[in-house]
Each structure stands twice: as structure tokens, then as C-alpha cells.
Amino acid sequence: MTIPLLEIEDLSAGVDGKEIIKDFNLTINSGEVHALMGPNGAGKSTLSNILCGKQGYHVTSGRIWFKGKDLLKLSPEERACEGIFLAMQSPVEIPGVPITAFLKHSVNAIRKYRGEPELDTMEFIKMVREEGKKFNLDAEMIKRAVNVGFSGGEKKRLEALQMAVLKPDFAILDEADSGLDIDALKIVADGVNALRDGKRSMLIITHFQRLLEHVVPDFVHIYADGRIIKTGGRELAAELEQTGYAGFMKENR
Amino acid sequence: MNTLLSDIKLVGDELPWLKEYRAAGRREFARQGIPTAKTEAWKYTKPNRFLSTDFVFDPRGNNKFTVPAVNLPFAAHKLYFENGVFLSCDDDLPSGVEILPLIEALMFRPGVKNKLGALADMTKYPFAALNAACLNEGAYIHIKAGTRLEKPLALISHVTVVDRAELYNLHHIVEIDENATAEVVEYYGYTGAPKSSYLVNIVNEITVAAGASLRHYKFQDEAFKAGHLALNTVKVAAGGLYKSFCLQKGADLARNETQVCLAEENAAAEVDAAYKMNGWATIDTTTDIEHLKSGTTSSQLIKGVVGGQAKGVFQGKIHIAPDAVKTEGYQLHKAMLLSDEAEIDVKPELEIFADDVKCSHGAACGRLDAEQLFYLRSRGIPKIEAEQMLINAYLNDVMAKVDNENIRSWIKLSLGSNLPA
């Protein structure tokens, strides 16, 4: 029997002494794409930040297993090296750090962790440029500092580009569709779909069905008040879109 | 420090004026004493604790005449100083450049004598007095009119740490004649286990003649128990340019003080600096730019990164004399604190006695951005490297002030890594 890629067991966690996630359970196997849908302020980003080890959150109880390892004991960089990637909701600007140099450093840090040789600089830059084209980010943009002067949509496309370059085993897309026009949404969705290879897993966090029309999930979870209140297939997203969160929650309480 | 004041026999003592110059230095140093917290110019950088050690001044006492194995990754005409002794100078100097050991120049080049102490005022700066008392080593550098030096001159001042606390005293006189162009690099480094303390005391007297330009780069990387006190005094004539960049990252107590006198019309100065330290070090950058005539301009960008329980000090003064109309003077100091115990002390001063001038000063202090740090770490970059990347990015704009590309990459590399930015 193979172990699940990610297992979240009875997780309770919060920030500033306030409990946001309550007895949360979720299991994701290799190759599965899960969508976590919930209203604003339900703590969806808290979950993704805890999964990636961001400081400032505290876990009061529960365990998280990733590839059988105790995830909460790993630093953010170790989690990335183990294969977790978070496409952030609001990626921060980092003036003075060029994208190519940053990405090369990132790729090589992960390769080093895995005992693989570093990549040749010229080949790497060529590869990033090729990938960049897929996300409509040209060579000039890739030379710029990380996210500096990028529009909301450009930031999201850069997150998707990083995901394509880093090829994680498990990608979390936190509101990857917010702020995207329909063309940009298509670009990001195509990039995400290109990474679906039957082995890679994803957790798509969103409160609209929009992205899920392009990236069709295997499972949909409705998340409210700190826990999953209903799990279903792709049709659940459409159902939710009809009733809205308020109606849905009334029915499912 | 008192033992320093005993009468040691030094080269050139047979010249009455030189003997008297040294005696005047001893008297002035005794009169002023080591600055304390009550001395306004030294109130943040308190050298008295550090200088409670009795430093031995014994030039050539160790007889170490081996040229240090310091490799600079750029082509340069190199001058080597080992433990405060002028050892050698590359002999392939181009025409228009003259370099002599200072005492030799003082003895045999008429006119050089008048330059000694002309800019560095030993009655106001106690360590210039100490420097005069111990005047024995240094270089006289003369770039003749119209010379355009292609390679920089590199003054490599290296210490092989010995098991007693020693004073290394250097005094350089640099003359850039009319319309000449030159670059001078000063490097301060060491080898050996930094068991004991040592003190490097430098005075530079630099004149930039009309239409001439000097780019002056300095990298201070002394041992962590060392002291480093430098006074750069500069006078710039009409249309001349003095542009300096100083990176300090070594020493327990360090001060790089730069006094520039823009003495004639349209003289310009740019004094930029960066510092980065941890532990218990104090690194001080002090500037004093004097605008005497119209059309003179100055700008300063100083950026620091301070961790541990270290302290960064910046004191910057811009003085605009009544005649100095249509002048511009800008100054900006920014620092990043990496720990709760790190400290920054900043004292900007503007003294403006003329109308029609443009002047500004600013100071800012920040921390590593937690969001940026998390972003980099979430992409697999180890914390310490992510911090270094952000620090390098933070210092990027001040590094860009180094015009010479090879020297810039050397300084960036020396800052700790080959990481981006």
C-alpha cells in the first residue's frame, strides 16, 4: 500500500491566539487535484501558509504528514525541497533581486537538497525563457526584479511560471485566479494543466468556480468555519455557484 | 596608549623639522587625549574602551618583509604594506605617475614637505596627532598633469596578526595634478588567528587639482579584534572631482572619516559608503563636506547592515559657506537592523550660510522584510542565503556607485557571496 502524499489529521491552528482552523482533516494522494472552496475570511490562506511553514501561525493540535514525514517539523525551505510549492495569493515585490537569478538559485537549492548537480547557467536561462513564453512573460520581464512593477495578473503568471520551472510534487494554488482577466486565466490554467501528469498533486484554493472550469478537479471540498463541511466531485463546485455560500451553508449545517 | 608617546628613533629624525613635526604630534596627542563619550565628534563611537590596550609601536621591529599573498581580482599597480611597513611597489608604473615611500619623498622632493599636515589638522583630530607622532611609513603618490591612469593604483595594507597588540601607522599624500584622472584602491586585510588586537591608524591627504578627477575605493576587512581609524582629508580645485566609496566589514572598532573641501568653483565630491557587521563591532562613517565656492556639488549615499549587538554610526556634515551660491549638497543614510540588539546612531548636520542652494539630508532605518524572506524560503532557498540575497539587494543601489565594474564585482563578492543582486 502506498502512503498518501499529504495527510492532514485533526489540525487546529490559528494566528494571534485566534483559532481559525478547527479539527481539519484532508488526505491527498499522488496525482489527485483537489479544490478547496470557501467564502472570504474562512481561513483558506491560513491553511496554505501553515502547509508552507510561514511564521506567525500556531498549530494547537493535529499532525500533517507529507510523503510520510512530519511536515510541521520542517522549515519552509525544506518543505519546498521536499516538493511543496505555494502559488501565493499576493506575491511580494522583492526589489533588487532579478527573477532569473532568484529562480536559478531556487532550482539549484532544491537540486542540492536532493543530491543532484547544479544546472548550467546558460541552459537554465534558455529554459526559463522558453517556459516564460508559455505564460506570456517575455525575456525583458524575466530580467526584472521579482514582482516589481508587475500587475496583479503578471504576478499570478509569474507564480505559474515558477511552478512550471520548479515542477513540485504538490502545488497549492491560493486564489490563483483572482485579478486575472479571461485571457490570463486561460494562460494560467493551461500552465497548470500542463503539469497534470497523473503523479503531481494539487490543492486549488478558490472561492469562485471560474478556475475550476479550466482546471477540472477530482475532488471539491467546501470549507467553512475552519473545517470541511462537504466533499464531492467536480459537480459540487457548480452546485455551490448556484446556491452561493450562504444558501449552501444553511442547507449543510 | 601612553607608551606610544615615548621618544622612539624614527627614519629622518636627523631632519630638525621632521623631528619637530613628530614632537608636535606627541604634544598634541597628549594634550587632546583619547576621545571619550563627552567628546562631541566621538560621542557614539567611544574609542577609549578599545584604546585602553597599550599598543606597541615598533616599526620594522618584527622584520617581516614578505610581500603578503593578497590577490585582487582586477589589474592594478600594486603597493604592498605589511604590518604597517611599506614593502614594495610594482615597478611598471606608466609615465606621469610617481610613487615614493613618504619619508623619502619628504626628504628628497622639495615641496612635499609643505603638503604634510596641510589638510589633516592634528590640533583638531587626536589620531592625526598620533599619526604625526608616529610618522614613519606611507606613500607619496603623484599623478602628473594630464595623465590618464588606465589601471587603478592599489594600496594593499595587510596585517599578519602577531601575539602582541601593535600599532600600524600610515600616512599617504596623494596629489592629482591638473586634468589628470586616476583610481586609487585601498584594501585592508589580515591573515592569522586574530588572537590579539591591533590598531591601524591612517591619515590620507589628497589634493585634486583643477579639472582632475580621483576615484577612491576602500575596502576595510580587518580582523575582528582590530581597530581601524582612518582620516581622509581632501581638497578639490576648480572643476575637479573626488569620488569615494568605502566598504567596511571588519574590525571591532572602525571609523572612516572623510573631510572634503570643495575649495573652488564647480568642484564636486561624491562620498558613498556601505558597512556590514555582526558581533560587537562599532563601525563609524563620518563625513564633512565643505562647500566654499559657487557651483560646487556633493552627494552622499551611505547604507549599512547591522546584526548581533553591533553598532553603526553615521555622522554627516554639509557646510555651505556664504560665497557658495548655486551649490547642491545631498546626503542619505539608510540602515537595516538584523537583530533587536543592533544599534544605529545617526547625526546629520547642515550648516548653510548662502542663499540659492539645494540641500537635503535623510535617514531611514528598517529590517529584513518577513514577507520577502518567506517568499524566498518557500522556493527552497535556505534562510541564511535568502537573508544574504535580501541584504545584497538592499545594498545594490550603493554598490552601483562604484563606477569601475571590476572593482564593483570584487566588492560585491567580498560582501559575502556570489548570490544574486
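What follows is a working chat about salt bridges and the overall build of chain B in a predicted model.

Colleague: Before we start, what are the ground rules for this model?
Modeller: It is a predicted model, where local features need pLDDT of at least 70 and side-chain atom pairs count only at pLDDT 80 or more, while totals for chains, interfaces and linings use all residues. Residues are numbered from 1 along each chain as its sequence is written, chains are lettered from A and ligands numbered from 1 in the order in which they are written, and side-chain values use heavy atoms, with hydrogens and water left out.

Colleague: How many salt bridges are there over all chains?
Modeller: A search of the whole structure gives 43, where a salt bridge is a side-chain nitrogen of Lys or Arg within 4 Å of a carboxyl oxygen of Asp or Glu.

Colleague: And B:Glu166, which side chain does it meet in a salt bridge?
Modeller: B:Glu166 pairs with B:Arg164, at 2.7 Å from N to O.

Colleague: Is B:Glu166 buried or exposed?
Modeller: B:Glu166 counts as buried because its relative accessibility is 4%, the classes being buried under 20% relative accessible area, exposed over 50% and partly exposed in between (1.4 Å probe, protein chains only). Its partner B:Arg164, at 30%, counts as partly exposed.

Colleague: What about B:Lys124?
Modeller: B:Lys124 forms a salt bridge with B:Asp121, and the closest N and O atoms are 3.9 Å apart. Here B:Lys124 is exposed at 69% relative accessibility, whereas B:Asp121 is partly exposed at 29%.

Colleague: Where do B:Lys383 and B:Glu387 lie?
Modeller: Both lie in helix α7 of chain B (residues 383-399), four residues apart, which is about one turn of the helix; helices (H or I, at least four residues) and strands (E, at least two) are DSSP runs, numbered from the N terminus. Their side chains meet in a salt bridge of 3.6 Å, N to O, with B:Lys383 partly exposed at 38% and B:Glu387 partly exposed at 21%.

Colleague: Which residues are linked in a network of salt bridges?
Modeller: B:Arg215, B:Lys243, B:Glu270, B:Lys401 and B:Asp403 are linked in that way.

Colleague: Changing topic, how many helices and strands does chain B have?
Modeller: Chain B has eight helices and 19 strands, and buried residues make up 60% of its 421 residues.

Colleague: What does the C-alpha trace of chain B span?
Modeller: Along its principal axes the trace spans about 70 × 55 × 45 Å.
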